[in-house]
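Got the viewer open? Keep the selection box handy and follow along, stop by stop.

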Amino acid sequence: HLSTCLFLQVSTVPQERRTLASTVPEGAELQAECLLVRQACKYYNSELNVVQFKFDDYAGDYRMLPR
């Protein structure tokens with residue numbers, strides 16, 4: 001999935017795991033009482049959003065300019 005804004009490019013990348021299946025039990029997010037645990041379960045099972053500045057190749061520090 002790819003979405004583009006004027007200056008940003010956002011893409012969704014599936015997480016890579018070392019295991020074949022998620023180690024978080026089915027429905028654990030709903031059963032957890034602690035907010036921290038719910039958020040951890042949600043993050044672990046979600047895809048990653050990668051945000052890239054479109055003009056990143058032109059961005060930088062003045063010290064990187066040729067002398």
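**Stop one: Y58 and its patch**

Select Y58 to begin: this tyrosine is exposed, with a relative accessible area of 72%. Along the chain, Y58 sits in the segment after β3, the strand that covers 48–53. Keep in mind as you click around that this is a predicted model.

Now add F7, L8, V51, F53 and F55 to the selection. Together with Y58 they make a nonpolar surface patch of about 630 Å².

**Stop two: L8**

Stay with the patch and pick out L8, one of its members. L8 belongs to strand β2, which spans residues 8–13. Is L8 buried, partly exposed or exposed? L8 has a relative accessible area of 34%, so the label is partly exposed, given that the class runs between the 20% and 50% cut-offs.

Next, put a distance label between the C-alpha atoms of L8 and K54. You should read 5.3 Å, although 46 residues separate the two along the chain.

That pair leads to a chain-wide number. Take the contacts with a separation of 6 or more: 63% of them involve residues 24 or more positions apart.

**Stop three: helix α2**

Jump to residues 35–45, which form helix α2, and find K42 there. K42 counts as partly exposed because its relative accessibility is 44%. For a distance to check, try K42 to V24: their C-alpha atoms are separated by 9.6 Å, and the two are 18 residues apart along the chain.

Q39 is in helix α2 as well. Its relative accessible area of 42% makes Q39 partly exposed. From Q39, draw a line to E29, C-alpha to C-alpha: the pair is 7.7 Å apart in space and 10 residues apart in sequence.

**Stop four: two cysteines**

Select C34 and C41. Which of the two labels, buried or partly exposed, goes with C41? C41 counts as buried, since its relative accessibility is 10% and buried means under 20%. C34 is partly exposed, at a relative accessible area of 40%. If you're wondering about disulfides, a search of the whole structure finds 0.

**Stop five: zoom out**

Clear the selection and switch to cartoon. The chain shows 2 helices and 3 strands, and from the N terminus on they run β-β-α-α-β.

Then color by pLDDT. The chain average is 80, and 90% of the residues score at least 70. Which elements have the lowest and highest mean pLDDT? Strand β1, residues 2–4, has the lowest at 54, while α2 has the highest at 88.

Last, turn on the surface. The accessible area of the chain comes to about 6,400 Å², and carbon and sulfur atoms hold 57% of that. How much of the chain counts as buried? Of its 67 residues, 6% do, and C41 from the previous stop counts as buried too.

Technical notes: Residues numbered from 1 in each chain as written. Predicted model: local features only at pLDDT ≥ 70, side-chain atom pairs only at ≥ 80, totals over all residues. Heavy atoms only, no water. Helix = DSSP H or I, 4+ residues; strand = E, 2+ residues; numbered from the N terminus. Buried < 20%, exposed > 50% of the residue type's maximum accessible area, 1.4 Å probe, protein only. Contact = heavy atoms within 4.5 Å. Areas by Shrake-Rupley, 256 points an atom, 1.4 Å probe, with all protein chains shown as cover. pLDDT = per-residue confidence, 0-100. Patch = residues over 30% accessible without salt bridge, like charges linked within 9 Å, V, L, I, M, F, W, Y side chains within 5 Å. Salt bridge = Lys/Arg side-chain N within 4 Å of Asp/Glu carboxyl O. Disulfide = S-S within 2.5 Å.
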